[in-house]
Amino acid sequence: MNTETWDAVDMDLRQTTVYALWQAEHAMRLAVDFALADLGISLPQFGTLMWLSREPGLSTADLARLNHVSPQNMGMAVTRLLSFGYIERTPPRRGRVAELRLSEKGQEVLEAAMARVADVQDRIHADLTEKEREALPGMLTRVRLAASRATPRRVREQAPPAGEV
């Protein structure tokens, strides 16, 4: 292909919803991971802390499903969060899996992380009108649901996780 053809292909690609969402997700992920870096956590680990603050007692498997990562990746995240003292594991009771809870230190880190994520969100919203800011979460939810419906269930169930931990 010559340069003119590539330019035409690139231009068409940039006009697609799929490409725009991919680029937006990539840029957002970089911004959030950078904002959280000195706290020693990634976006999925932030999600883990958020879920445990809302629902103490979740298992590693529960957290993997909620954060859209593999059980193996969540196991690594849990190990890291335990080593930092951000979460605590209760010993399994007879026949039950271990439950995870946010520690006091984890609550402090979560509060700092929430402020940083809110700052990233504010920067994302900066070029949007108030009406666009209000509409965006609902629009993205509808896009996610439509994409999910467009994917056969057997494929969704076998798909690799959306992000690393």
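**Exercise 1. The two sides of helix H5**

Which exposed residues does the face of H5 turned away from its buried side carry? Work on the predicted model shown above.

*Solution.*
Step 1. Locate the helix. H5 covers residues 71-84, 14 residues in total. From first C-alpha to last, H5 reaches 20 Å, close to the 20 Å expected at 1.5 Å a residue.
Step 2. Find the buried residues of H5. These are Asn73, Met74, Ala77, Val78 and Leu81. They lie on the same side of H5, because they cover an arc of only 135° around the axis.
Step 3. Turn to the face pointing away from that buried side. There sit the exposed residues Gln72, Met76, Thr79 and Ser83.
Step 4. Ask what the buried residues pack against. Their partners are helices H3 (43-54) and H4 (60-67), together with strands E1 (87-90) and E2 (99-102).
Step 5. Look just past the end of H5. Gly85 takes a positive phi of about 80° there.

**Exercise 2. The largest nonpolar core**

State how many residues the largest nonpolar core has, and which have the most contacts inside it.

*Solution.*
Step 1. Start from a general tendency. In soluble globular proteins, nonpolar side chains tend to be buried together.
Step 2. Count. The largest nonpolar core has 26 residues.
Step 3. Pick out the residues with the most contacts inside this core: Leu36, Ile41, Phe46, Leu49 and Ile87.
Step 4. Trace the suppliers. At least two residues of this core come from each of H2 (17-36), H3, H4, H5, E2 and H6 (104-125). The largest share, five residues, is supplied by H6.

**Exercise 3. Two residues of the core**

Describe the surroundings of Leu36 and Ile87.

*Solution.*
Step 1. Place Leu36. Leu36 is in helix H2. With 0% relative accessibility, Leu36 is buried.
Step 2. List what Leu36 touches, leaving out residues up to four places away in sequence. The contacts are Ile41, Ser42, Leu43, Phe46, Ala113, Arg116 and Val117.
Step 3. Take one of these, Val117. Leu36 and Val117 are 81 residues apart along the chain, yet their C-alpha atoms are separated by 7.9 Å.
Step 4. Move to Ile87, again setting aside neighbours within four places. Ile87 is in contact with Leu49, Leu52, Val78, Leu81, Leu82, Leu100, Arg101, Leu102 and Ser103.

**Exercise 4. Aromatic pairs**

How many aromatic pairs does the structure hold? Classify each by its geometry.

*Solution.*
Step 1. Count the pairs. There are two.
Step 2. Take Tyr19 and Trp22. Their ring centres are 5.6 Å apart and their planes stand at 70°, so this pair is edge-to-face. Both residues lie in helix H2, three residues apart, which separates them by about one helical turn. Trp22 is exposed, at 52% relative accessible area.
Step 3. Take Phe84 and Tyr86. This pair is tilted, with 5.3 Å centre to centre and 55° between the planes.
Step 4. Compare burial. Phe84 is partly exposed at 27% relative accessibility, whereas Tyr86 is buried at 8%.

**Exercise 5. Salt bridges**

How many salt bridges does a search of the whole structure find? Work through three of them.

*Solution.*
Step 1. Recall the principle. Side chains of opposite charge can pair when their charged atoms come close.
Step 2. Give the total. The search finds five salt bridges.
Step 3. Examine Arg29 and Asp33. Their side chains meet at 2.8 Å, N to O. Both are in helix H2, four residues apart, or about one helical turn. Arg29 is buried at 19% relative accessible area; buried means under 20%. Asp33 is partly exposed at 24%.
Step 4. Examine Arg116 and Asp38. The closest N and O atoms of this salt bridge are 2.3 Å apart. The pair links distant parts of the chain, 78 residues apart: Arg116 is in helix H6 and Asp38 is in the loop between H2 and H3. Arg116 is partly exposed at 26%, while Asp38 is exposed at 60%.
Step 5. Examine Arg65 and Asp62. Here the closest N and O atoms are 2.7 Å apart. Both residues lie in helix H4, three residues apart, about one turn of the helix. Arg65 is exposed at 55% relative accessibility, and Asp62 is partly exposed at 24%.

Definitions and conventions. Residues are numbered from 1 along each chain as its sequence is written. Side-chain values use heavy atoms; hydrogens and water are left out. The expected span of a helix is 1.5 Å times one less than its number of residues. Buried means under 20% relative accessible area, exposed over 50%, partly exposed in between (1.4 Å probe, protein chains only). The arc is that of the directions from the helix axis to the C-beta atoms. Contact means heavy atoms within 4.5 Å. A nonpolar core is a set of buried Ala, Val, Leu, Ile, Met, Phe, Trp, Tyr and Cys residues joined through side-chain atoms within 4.5 Å. Rings of Phe, Tyr and Trp (its six-membered ring) pair if their centres lie within 6.5 Å; planes under 30 degrees apart count as stacked, over 60 as edge-to-face and the rest as tilted. A salt bridge is a side-chain nitrogen of Lys or Arg within 4 Å of a carboxyl oxygen of Asp or Glu.
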